Amino acid sequence: MRSLPPRARLRALFLFTKAHLLEFFREPGVVFWAFGFPLLLSWALGLAFLSPKPLGTELVVSKADSVAVRSGVADPSVRLRVLEGEEAVRALRRGEVSGRILAEADGIRLEVDTASQEGVMARLLVERSLAGDSRGVVVSAPEANAGNYADFLFPGMLALGLMNGCLWGIGFGLMDLRLRKLLRLFASTPLSRVDILLSVVLARVVLLPIENTLLWGFGMLVFGVHMHGSPVLFVAVAASGAVAFSGIGVLAACRVGHNQAAYGIMNALTIPMTIVSGIFFSWTRFPAWLHPVVEWLPLTVLADLLRAISSEGAGIAHSLPRMLVLLAWGIGCAVVGLRAFRWR
Amino acid sequence: MSDASPSIQVLSVVKRYGSLAAVAGVDLSIARGESVALLGPNGAGKTTLVEMIEGLIHADEGEIRIDGLSWKTQAGAIRGKLGTCLQDAKLPERLHVEEILELFCSFHGRGRDRVEELLAMVELSDARKQMAGKISGGQRQRLALATAIAGEPDILVLDEPTTGVDPAARRQIWTILEGLRSRGATLLLTTHFMDEAERLCDRVVLMEAGRILDQGTVPELLARGQASSLDDLFLRLAGRRIVE
């Protein structure tokens, strides 16, 4: 090919660049994923980590000990939540507080997981607050099964794995089939459309138990994760979660016809829920006005329920209403998604 | 259905996208065993019409009947009769050639014997263990054709079946299609290659702006259009569209 004169080449380069920009700005979905989504995500992260709440630590204390503890620990960065018995244990298990503080005859006892960043922070702040107190601080590990971060983390990780497995495996899988025109090709064969979708779901059904058994087994063997509730109920809840995210995956995939939009929509679904649904830290740390939304997100419901069964031994009476919420998410989204589904 | 009913019947079909009528009232009838080429410049409405014939999109007005059956009520039966070869479809790249054929044969309830027949027919026996993503463009196109005829369809709809392949591979595909014609299959193909239309088809349908402009055998069209070749006729059609 003959090379263009410099002036013509510059013009071609300009027009080609302009054409790319026009293509970009004429696709509202792409514009949103490029500009809007990062802003929304930054906002959500800001809420979590830059909230006006004072920095510090929050510890659970019994009413009987609260006066004695407050007299010793006056530092405002050490916040105390007065809770008794089961409520206190639940707050510890759910990671809503960093540990427990007790007033004893010979001083202050602090029960924190010193292997976690939050536990170390709580210890430092309490020790600083009691610097002039000759009685000192006795630090001990939390009671067995109370406030163990692994017990908090692994049910959440399992829920996260179910979400990612279903959304990427089914949702993105269907988008990818459409983008490669395979969905259209398969739809033109005698194979029923229900079977086409079912084949994608079934492939995931085979993979999910393997993925999750490996994850849970790893947690039990390496971190001593506990299972206080019924393993059968735990599996049933995980299956309800898989139904929820499969339905959401079908809805997410129903009309996407652009590669960038496919990645954008998947990230928009998975990243915010990963952050706000209490996988790595309790979702109660977000501002209270956000709680009514966050607590009904499918990942929140699933993670909290798996945690309640494995850590607190929650039974069917506690689990059933939440399982119905998960099934409603899945069936509702699947119905809407299938009605709007585009095969080409 | 009786043998008298046409293989493909398009009855006053309209398809709109917003204010644009991609197909603006088309009537077309293709007899059993007939081979028809759909020609027209880009944007003429060929692919939209083909997609409606394939049952992938629905007409806003009118009706399409395949072998006398309606897409509205007998879609399942139609899919068993219809083989489709889509433009630019990317077959699963990480499956072996024979695995893909096995998959498509299974959609038609056919087994290994059909896979062997197809491999021989499209001359891919030596490539049976190769991944679809690793074979040449010509091989890939023959593989796509093999998936379309996996169920031995009576009617074959091919959207630009030889686009992007070299002349040798194109001729190989023509030979396969001629074999299917000789066995009585009905062919409807869209193409930009005039020699392909002339060689493979009994009749050519010219489309422009969502309408059928003219149709007939190649000599009839050339006579009516006062053109020396289909290329000439096509260029006039495309040129007029550009001027408009």
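**Exercise 1. Helix α8 of chain A**

The buried residues of α8(A) pack against α6 (149–179) and α9 (231–253) of chain A. This is a predicted model, in which local features need pLDDT of at least 70, side-chain atom pairs count only at pLDDT 80 or more, and totals for chains, interfaces and linings use all residues. Residues are numbered from 1 along each chain as its sequence is written, while chains are lettered from A and ligands numbered from 1 in the order in which they are written.

Task: find which residues of α8(A) are buried, where α8(A) bends, and what its end C-alpha distance should be.

Solution.
- Step 1. Helices are DSSP runs (H or I, at least four residues) and strands likewise (E, at least two), numbered from the N terminus. A residue is buried if 20 or more other C-beta atoms, placed from the backbone, lie within 10 Å of its own, exposed if 12 or fewer, and partly exposed in between. On α8(A), the buried residues are L197(A), V200(A), R204(A), L208(A), N212(A), W216(A) and G219(A).
- Step 2. The expected span of a helix is 1.5 Å times one less than its number of residues. With 31 residues (193–223), α8 of chain A should span 45 Å, and its end C-alpha atoms are 44 Å apart, which agrees.
- Step 3. The bend is the angle between axes fitted to the seven residues ending at a residue and the seven starting there. At L207(A), α8(A) bends by about 25°, and the proline P209(A) follows within four residues.
- Step 4. After α8(A) comes G224(A), with a positive phi near 65°.

**Exercise 2. A122(A) and the domains**

Task: is A122(A) buried or exposed, and which residues does A122(A) touch?

Solution.
- Step 1. A122(A) sits in helix α5 (residues 117–129) of chain A.
- Step 2. A122(A) counts as buried because 28 other C-beta atoms lie within 10 Å.
- Step 3. Two residues are in contact if their C-beta atoms, placed from the backbone, lie within 7 Å. Not counting residues up to four places away in sequence, A122(A) touches T57(A), L59(A), S98(A), G99(A), L110(A) and V112(A).
- Step 4. L179(A) is 57 residues from A122(A) along the chain, and their C-alpha atoms are separated by 51 Å.
- Step 5. Now for the domains. An automatic or database domain assignment supplies the bounds: domain 1 of chain A covers 57–140 and domain 2 covers 149–339. Their C-alpha centres lie 36 Å apart.
- Step 6. Across the boundary, 7 residues of domain 1 of chain A are in contact with 9 residues of domain 2 of chain A.

**Exercise 3. The sheet of chain B**

Task: in what order do the 4 strands of the open sheet in chain B lie, and which strands stand at the edges?

Solution.
- Step 1. Two strands pair if DSSP finds at least two bridges between them. The order is β2-β1-β4-β5 (chain B), with antiparallel pairing.
- Step 2. β2 (20–30) and β5 (69–70) of chain B each have a single partner strand, so one side of each is left without a neighbour in the sheet.
- Step 3. Strands β1 (residues 8–17) and β4 (residues 61–66) of chain B pair over 5 bridges in the antiparallel sense. V14(B) stands opposite E61(B) in β4(B).
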